[in-house]
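Biologist: I am new to reading structures, and I would like to learn how each label is earned. Could we look at one together?

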There are 4 protein chains.
Amino acid sequence: MSFNTFGHMFRVTTFGESHGVALGCVVDGCPPRIPLTAAEIQRDLDRRKPGQSRFTTQRQEADQVKILSGVMETERGQVTTGTPIALMIENTDQRSKDYSDIKDKYRPGHADYTYEAKYGIRDYRGGGRSSARETAARVAAGAVARKVIPDVKVRAALVQMGPHKIDRANWNWDDVTRNPFFCPDATKAAFFEEYLDEIRKSGSSIGAVIEVVAENVPAGWGAPIYGKLDSDLAAALMSINAVKGVEIGAGFGAAELRGEDNADEMRAGNNGPVFLSNHAGGILGGISTGQAVVARFAVKPTSSILTPRKTVDRAGGETDILTKGRHDPCVGIRAVPVAEAMVACVLADHFLRHRGQNG
Amino acid sequence: MSFNTFGHMFRVTTFGESHGVALGCVVDGCPPRIPLTAAEIQRDLDRRKPGQSRFTTQRQEADQVKILSGVMETERGQVTTGTPIALMIENTDQRSKDYSDIKDKYRPGHADYTYEAKYGIRDYRGGGRSSARETAARVAAGAVARKVIPDVKVRAALVQMGPHKIDRANWNWDDVTRNPFFCPDATKAAFFEEYLDEIRKSGSSIGAVIEVVAENVPAGWGAPIYGKLDSDLAAALMSINAVKGVEIGAGFGAAELRGEDNADEMRAGNNGPVFLSNHAGGILGGISTGQAVVARFAVKPTSSILTPRKTVDRAGGETDILTKGRHDPCVGIRAVPVAEAMVACVLADHFLRHRGQNG
Amino acid sequence: MSFNTFGHMFRVTTFGESHGVALGCVVDGCPPRIPLTAAEIQRDLDRRKPGQSRFTTQRQEADQVKILSGVMETERGQVTTGTPIALMIENTDQRSKDYSDIKDKYRPGHADYTYEAKYGIRDYRGGGRSSARETAARVAAGAVARKVIPDVKVRAALVQMGPHKIDRANWNWDDVTRNPFFCPDATKAAFFEEYLDEIRKSGSSIGAVIEVVAENVPAGWGAPIYGKLDSDLAAALMSINAVKGVEIGAGFGAAELRGEDNADEMRAGNNGPVFLSNHAGGILGGISTGQAVVARFAVKPTSSILTPRKTVDRAGGETDILTKGRHDPCVGIRAVPVAEAMVACVLADHFLRHRGQNG
Amino acid sequence: MSFNTFGHMFRVTTFGESHGVALGCVVDGCPPRIPLTAAEIQRDLDRRKPGQSRFTTQRQEADQVKILSGVMETERGQVTTGTPIALMIENTDQRSKDYSDIKDKYRPGHADYTYEAKYGIRDYRGGGRSSARETAARVAAGAVARKVIPDVKVRAALVQMGPHKIDRANWNWDDVTRNPFFCPDATKAAFFEEYLDEIRKSGSSIGAVIEVVAENVPAGWGAPIYGKLDSDLAAALMSINAVKGVEIGAGFGAAELRGEDNADEMRAGNNGPVFLSNHAGGILGGISTGQAVVARFAVKPTSSILTPRKTVDRAGGETDILTKGRHDPCVGIRAVPVAEAMVACVLADHFLRHRGQNG
């Protein structure tokens with residue numbers, strides 16, 4: 001069963017394929033009277049937009065968002081009305097290329113074979129629904145989510161490319177906007193420039209790890225068991241194209257720790273307890289602690305590479321394939337604004353859910 | 001908002017606290033005419049039951065399941081009727097101990113503080129709803145799920161304890177039942193015995209990594225975007241107590257790979273394509289490939305340890321706490337059958353969802 | 001797909017068959033710190049309990065409710081904790097009668113044939129899941145719902161039996177508790193006693209209309225389109241056994257009116273507008289107006305009658321059937337407390353939903 | 001909480017206001033490989049389109065639908081792909097009229113006051129989200145639903161206007177397309193022409209009753225309790241603007257019947273049982289019987305009339321209002337294609353749900 005909605009109270013339904021008429025989303029459940037303009041949404045979309053450096057796909061898309069519903073001009077400017085907010089982004093660069101090389105072959109590492117196995121049909125044009133273009137709709141929704149929880153600051157950064165991790169001592173959020181990698185370590189960013197150039201020129205691709213940090217999340221959001229904040233974050237991040245792993249706080253590192261090293265001790269603070277560390281990543285028992293919520297996720301290398309790979313075709317015959325076209329050498333880069341959007345949506349949803357049950 | 005249900009078509013709602021009258025679940029949407037007895041469910045519950053070795057909590061619970069509804073005796077034995085299957089496990093060993101030491105103090109690394117921040121009240125008796133006892137209800141539901149997809153084989157194993165990983169060359173599924181750790185590497189299991197004894201005796205605890213493998217999942221289960229099989233698996237596994245990370249296939253390792261090393265090449269097979277590797281963990285674009293579905297997750301060390309830790313009390317004062325009582329030195333061990341149950345539930349759900357949309 | 005849950009924020013999942021071990025429900029999403037005892041739930045259950053007069057089934061069920069989870073003893077008495085509240089009612093009078101007469105025959109007007117058509121199996125013992133016994137679980141859930149919205153007063157009354165309508169000029173809520181019909185018109189109640197006796201003795205049954213009134217519902221609950229308060233009320237009431245019609249306010253009568261007669265005019269009041277009439281039944285555009293919410297529903301006559309009726313058996317052969325056993329001559333009577341419960345659940349749900357989105 | 005989605009497996013999310021940029025819907029869960037063109041959807045939209053006779057609003061809307069996603073051109077023509085189908089209808093006749101007369105006054109019988117009570121803001125332009133224009137999106141979705149269950153024939157007809165009921169002996173489906181009222185009784189239709197002209201010219205409006213009939217629904221769709229087919233139909237029909245009552249089969253008439261008169265007797269047929277009557281309206285225990293599914297609903301008279309009515313303004317002052325502009329004298333007329341669409345959506349959903357659980 002296809003299911004293109006996420007969230008309970010702040011509900012986002014996305015639609016659209018790489019080479020269709022348009023893509024977009026319907027944001028349902030947004031509180032009323034929140035100032036919201038297309039320009040604000042556009043700002044986030046522009047951060048994700050392809051073609052901004054030589055390190056992302058050269059596809060040219062204006063990615064211009066239109067608000068179709070759910071807002072109204074008032075004396076205080078344009079605000080939400082509480083009704084569904086439909087956002088649309090028209091596709092403009094659906095290059096009418098020749099798809100004959102992939103129409104009947106399954107690209108290894110792509111969803112070509114699985115879509116066909118599921119639906120008995122596959123929109124091969126630019127990857128159809130499995131294209132990373134769908135994430136534009138998420139970023140648009142995330143921009144709305146940010147307005148629902150204005151005090152919460154959600155930021156993400158690329159912290160590893162291939163085997164190369166940043167030096168956390170160098171972490172500077174301001175640097176994230178100063179390099180094409182959303183990398184908070186300026187030194188490592190300089191290295192990535194050369195490193196990724198080599199990969200790009202050799203027709204290959206590389207994986208990455210991204211970290212998302214949400215600050216000013218009050219204690220008490222989330223819920224036990226299947227309403228866990230970390231469970232919803234895991235689902236949200238894992239739903240991003242090419243993601244193969246998610247961790248919260250100390251994550252897989254926690255498996256190596258002893259109880260006395262992992263549990264975050266508490267001291268008295270002016271506004272509730274102060275924690276002496278944050279192995280928990282801001283979440284205990286599925287509920288926020290008031291510390292920064294910290295998640296990381298791994299993005300696999302794009303499978304669209306220039307090296308020929310063994311595969312089969314729809315008729316069952318064996319063949320080779322190499323993927324020409326405009327692709328991201330490190331698709332993890334553009335996952336950065338997408339991850340922020342997903343985390344913002346999850347938090348906006350949990351804010352409303354918490355307020356509903358707890359007043 | 002509390003949300004104690006998971007799944008769309010195969011829907012499980014659990015209830016119950018550590019020291020309440022009973023815990024259990026309602027399994028809704030199960031297909032009719034499936035043979036199902038309490039004994040079959042009990043088999044899975046017994047694998048999770050505490051007190052089976054010195055390496056799990058010494059709490060004595062019969063964990064005896066009763067089927068309250070949804071089945072009927074027929075000539076073919078007891079079968080499901082298509083109506084909700086309610087399963088109940090009565091609590092029998094709610095030791096009426098003195099809780100004064102934790103009633104008003106927040107145990108670091110526990111959900112004590114966050115439950116109170118959320119609800120303004122906390123069931124401190126044995127951890128209330130945050131207790132690992134809730135997972136008994138999941139295991140019961142998982143036993144039903146297995147009957148819905150009888151051809152699918154879901155097995156899990158402990159593959160790392162603290163920093164010590166198993167040797168994959170030694171992997172033998174039969175060994176999983178021969179040691180108290182659900183460990184598939186007999187040599188490492190022998191080592192774990194000593195290792196965990198030392199930790200247990202020192203009043204400490206340790207983390208672990210568990211791997212779940214589902215075989216015979218046909219290609220085509222799952223769906224794009226927010227219906228992704230891996231997204232649902234991530235949510236399901238992250239919802240288990242103490243889990244801090246989830247990965248599919250190559251997982252975080254994929255971040256270090258190049259495209260040509262990560263994408264699984266295909267050759268022609270008798271029943272659809274054959275893959276030459278399984279970095280994808282059996283899932284591409286959120287849809288199963290027909291290969292084994294492989295997931296791993298990290299479990300943090302129990303925070304209930306005998307070493308005193310700094311904390312605060314409900315009045316905001318600073319204090320120390322050490323957690324006496326019956327606890328698991330490596331809570332990851334008992335997570336093994338729980339993970340199998342969660343994966344079985346997710347797969348049963350996706351089987352029904354796929355059948356609904358695709359016939 | 002079976003779906004035994006209703007509500008979004010205040011979510012009720014029921015389970016259980018007429019002749020199973022037990023029936024009950026899980027109430028999820030209930031706010032924390034609400035005083036709740038089994039005795040309060042029992043009060044509502046006792047109003048629905050069979051065997052209280054000669055006008056309802058003579059089945060003897062204690063209908064004793066147990067709270068299995070979700071509450072905790074505090075200094076202020078027993079209160080909810082925000083976690084799922086499981087309620088169980090054990091079946092005690094599952095008379096081990098001979099079912100051979102209905103096991104293989106479909107009773108006309110019953111769900112016998114449709115359950116079999118759907119599931120390929122049918123729990124014929126007492127009607128299985130289609131038995132009115134399931135409504136006990138609803139009443140229990142409704143008792144919890146009432147505690148969530150203590151200022152709202154939900155009451156129902158039988159306003160028609162067969163073709164005989166009450167005289168609205170005689171409406172007295174106090175009379176509802178003074179006759180076995182929940183009838184607010186004492187004169188008509190006296191008439192019903194004779195009327196129903198005749199029907200009962202002749203082995204027949206009769207339909208009824210029930211009206212539910214919810215007072216003190218603030219303006220603003222509900223939502224446009226598919227979150228409409230009246231849409232949810234219609235679904236909730238139509239889900240009760242034997243209900244064949246639902247109307248809000250003027251209902252079907254509104255079809256006969258002109259615009260100037262139907263629209264409720266408004267005047268200024270101390271707390272918002274005052275309406276000069278209530279054809280809307282307290283709901284406009286799916287959202288409550290602040291007036292009393294008024295719904296009515298029609299209950300068909302029980303199909304379990306002593307007159308032989310034409311039917312077929314499972315083998316496809318033609319036969320006759322008459323239903324012996326303990327049945328309600330007017331099943332609409334016991335629908336009164338059930339309807340109150342359903343309306344209370346819908347309102348509690350919309351209260352939480354409204355608070356979530358609107359603060 | 002706003003909730004603009006209905007359905008479980010066949011899920012429709014609508015968006016849009018009367019005077020916004022566009023309205024539309026996202027249809028999620030549609031099976032793949034179903035032929036679908038904009039022209040087919042347009043056909044249904046044209047039946048609902050305003051301005052086709054003097055008996056509906058004179059607003060001129062092209063109501064031209066665009067398919068934004070979810071379809072693909074193949075050798076067999078354009079087909080669905082299994083991914084979300086987004087449909088958009090741009091608003092073209094948002095007459096920039098002067099809204100000063102309703103901007104600050106609440107029209108009696110309208111949702112003006114309740115939207116404001118809920119959201120603290122109200123899109124007064126043409127009724128905003130509460131406008132009947134939203135139903136265009138439903139009709140578009142319904143056209144897709146029809147393609148999912150091509151063997152099922154869903155038709156509706158106006159059977160009562162004001163107090164005037166059609167003569168059922170005259171029922172002729174062909175007549176429905178031959179008069180501007182969707183009336184199956186040609187004689188009554190002729191009468192309605194005069195009757196409604198008088199009402200229209202006097203600046204008033206009138207209510208109506210519509211009947212929907214779905215033929216060829218196989219036995220077994222629907223489910224017990226909260227997944228009841230009739231419960232979902234009631235919610236779907238009650239969600240249509242101005243609907244105040246819904247009934248299935250004998251409906252409120254069943255309340256007046258005795259058991260032996262209401263229960264539909266069965267005889268053996270070639271393909272399962274044959275029923276001798278259809279008081280049940282094709283549904284027993286929430287599950288379809290294989291007979292025609294029959295539902296009726298009451299539509300109140302439009303509150304937008306030329307007669308001045310007492311009301312209050314936003315400042316709380318008392319005033320009068322009369323609604324100029326382009327309105328339907330009998331809004332029930334255009335509810336006919338909308339009702340067909342809703343019923344088609346509910347049936348498509350239950351078809352997929354049944355197939356999911358039961359194979």
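Biologist: How do you know that chain A and chain B bury area between them, and what share of it is on carbon and sulfur atoms?

Modeller: Happy to explain, and please keep in mind that this is a predicted model. Buried area is the accessible area that two parts lose on being put together, summed over both. For chain A and chain B that comes to about 8900 Å², with 58% of it on carbon and sulfur atoms. On the chain A side, Met1(A), Tyr226(A) and Lys244(A) give up the most area to chain B, together 10% of what that side buries. The contact draws in 110 residues from chain A and 109 residues from chain B.

Biologist: What makes strand 9 of chain A an edge strand?

Modeller: Let's begin with the sheet. It is open, has 10 strands and runs in the order 9(A)-8(A)-10(A)-16(A)-11(A)-11(B)-16(B)-10(B)-8(B)-9(B), with antiparallel pairing. Strand 9 (164-165) of chain A and strand 9 (164-165) of chain B each have a single partner strand, so one side of each lacks a neighbour in the sheet.

Biologist: How do you know that strand 8 of chain A and strand 9 of chain A pair?

Modeller: Two strands count as paired if there are at least two bridges between them. Strand 8 (residues 153-161) of chain A has 2 bridges to strand 9 of chain A, and the two run antiparallel. There, Gln160(A) sits opposite Lys165(A). The hairpin they form has 2 residues between the strands, and Gly162(A) takes a positive phi near 55° in it. Strand 8 of chain A also pairs with strand 10 (residues 208-215) of chain A, antiparallel and over 8 bridges. Leu158(A) has Ile210(A) as its bridge partner in strand 10 of chain A.

Biologist: Why is helix 8 of chain B called largely enclosed?

Modeller: A residue is buried when its relative accessible area is under 20%. In helix 8 of chain B, 23 of the 24 residues are buried, so the rest of the structure largely encloses this helix. Helix 8 (residues 335-358) of chain B reaches 34 Å from its first C-alpha to its last, close to the 34 Å expected at 1.5 Å a residue. Gly359(B) follows, with a positive phi near 75°.

Biologist: Is Ser131(A) buried or exposed?

Modeller: The relative accessibility of Ser131(A) is 11%, so Ser131(A) counts as buried. Ser131(A) lies in the loop between helix 3 (112-119) and helix 4 (134-148) of chain A. Not counting residues up to four places away in sequence, Ser131(A) touches Ser18(A), Gly126(A) and Asn241(A). UniProt lists a "binding site" at several positions, including Ser131(A), Asn241(A) and Gly285(A).

Biologist: Why is Gly285(A) called partly exposed?

Modeller: Partly exposed covers what lies between the 20% and 50% limits. Gly285(A) has a relative accessible area of 28%, so the label is partly exposed. Leaving aside neighbours within four places in sequence, Gly285(A) is in contact with residues of both chains, among them Ala223(A), Ala111(B) and Tyr115(B).

Methods:
Residues are numbered from 1 along each chain as its sequence is written. Chains are lettered from A and ligands numbered from 1 in the order in which they are written. This is a predicted model: local features need pLDDT of at least 70, side-chain atom pairs count only at pLDDT 80 or more; totals for chains, interfaces and linings use all residues. Side-chain values use heavy atoms; hydrogens and water are left out. Helices (H or I, at least four residues) and strands (E, at least two) are DSSP runs, numbered from the N terminus. The expected span of a helix is 1.5 Å times one less than its number of residues. Buried means under 20% relative accessible area, exposed over 50%, partly exposed in between (1.4 Å probe, protein chains only). UniProt positions are given in the numbering used here, feature names are shortened, and annotations may be inferred rather than shown by experiment. Contact means heavy atoms within 4.5 Å. Buried area is the accessible area (1.4 Å probe) that two parts lose on being put together, summed over both.
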